[in-house]
Amino acid sequence: CWTAGLVDALPASLATWLLLRRGFSVNSAAAGFAKGTLAGLAGITMLELHCPNFEAPHVMVWHIAVLPISGAVGMLVASKTRAYGRQRAARR
């Protein structure tokens, strides 16, 4: 379930990026975390609709783990792309 949720969060993260890329962000890491969290919510939604296992430990671990992992990946990608953009601008 964890892998399925993260795989479903990937297209949602790309759609979120396309919608929010034009916005002004003071803190790119926080914006990346918000984008990743929105993508993680899409992954959790898919899991809750399609997973046949409703046992509490399964849902608490494998379904909910999608959200913080997606948020952390979004924050990491945003901070790395910002650092790459600064390096590229310094070379010019």
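Colleague: How do H2 and H3 pack, angle-wise?

Modeller: This is a predicted model, so take what follows as computed from it. The angle between H2 and helix H3, which covers residues 56-63, is about 155 degrees, and their axes are 11 Å apart.

Colleague: And what do you call that arrangement of H2 and H3, roughly parallel or roughly antiparallel?

Modeller: Roughly antiparallel, because the angle is about 155 degrees and anything over 145 gets that label.

Colleague: Is the crossing of H2 with H3 left-handed or right-handed?

Modeller: H2 passes H3 in a right-handed crossing.

Colleague: OK, now H1 against H2. At what angle do they cross?

Modeller: At roughly 140 degrees, and the two axes come within 7 Å. H1 therefore counts as oblique to H2, since the antiparallel label needs an angle over 145. The H1 and H2 crossing is right-handed.

Colleague: Stepping back, how many helices and strands are there in the protein?

Modeller: Four helices and zero strands. Going along the sequence, the pattern reads α-α-α-α.

Colleague: What share of the protein counts as buried?

Modeller: 24% of the 92 residues.

Colleague: Back to H1. Where does it have a kink?

Modeller: At Leu10, shortly before the proline Pro11, and the kink is about 25 degrees.

Colleague: With that in mind, what is the end-to-end span of H1, and what should it be?

Modeller: H1 has 19 residues, so at 1.5 Å a residue it should span 27 Å. The C-alpha atoms at its ends are 26 Å apart, which agrees.

Colleague: Which residues in H1 are buried?

Modeller: Gly5, Ala9, Ala12 and Thr16 are buried there.

Colleague: Thr16 caught my eye. How far is its C-alpha from that of Ala34?

Modeller: 9.7 Å, with the two residues 18 apart along the chain. Ala34 lies in helix H2 and is partly exposed, at 40% relative accessibility.

Colleague: What about Leu38, where is that found?

Modeller: Also in helix H2. Leu38 has 45% relative accessibility, so it counts as partly exposed. Its C-alpha is separated by 9.7 Å from that of Gly74, which is 36 residues away along the chain.

Colleague: Changing topic: how many disulfides does the structure hold?

Modeller: Zero.

Colleague: Hm, what is the nearest cysteine sulfur to Cys1, then?

Modeller: The sulfur of Cys51, 3.2 Å away. A disulfide needs the two sulfurs within 2.5 Å, so at 3.2 Å Cys1 is in no disulfide. Seen from the other side, Cys51 is in no disulfide either, with the sulfur of Cys1 as its nearest cysteine sulfur.

Colleague: Remind me why that cut-off is about sulfurs?

Modeller: Because a disulfide is a covalent bond between the sulfur atoms of two cysteines.

Colleague: Is Cys51 buried or exposed?

Modeller: Cys51 counts as buried, because its relative accessibility is 8% and the limit is under 20%. Cys1 has a relative accessible area of 36%, so that one is partly exposed.

Colleague: Last one: where does Asn27 sit?

Modeller: In the loop between helix H1, residues 2-20, and helix H2, residues 28-50. Asn27 is partly exposed, with a relative accessible area of 45%.

Colleague: And how far apart are Asn27 and Ala78, in sequence and in space?

Modeller: 51 residues apart in sequence, and 9.5 Å in space from C-alpha to C-alpha.

How values were computed
Residues numbered from 1 in each chain as written. Predicted model: local features only at pLDDT ≥ 70, side-chain atom pairs only at ≥ 80, totals over all residues. Heavy atoms only, no water. Helix = DSSP H or I, 4+ residues; strand = E, 2+ residues; numbered from the N terminus. Buried < 20%, exposed > 50% of the residue type's maximum accessible area, 1.4 Å probe, protein only. Expected span 1.5 Å × (residues − 1). Bend = angle between axes of the 7 residues up to and from the residue. Axes fitted to C-alpha atoms, helices over the stretch in contact; angles between N-to-C directions. Parallel < 35°, antiparallel > 145°, perpendicular 65-115°, else oblique. Left-handed = near helix turned anticlockwise from the far one by under 90°.
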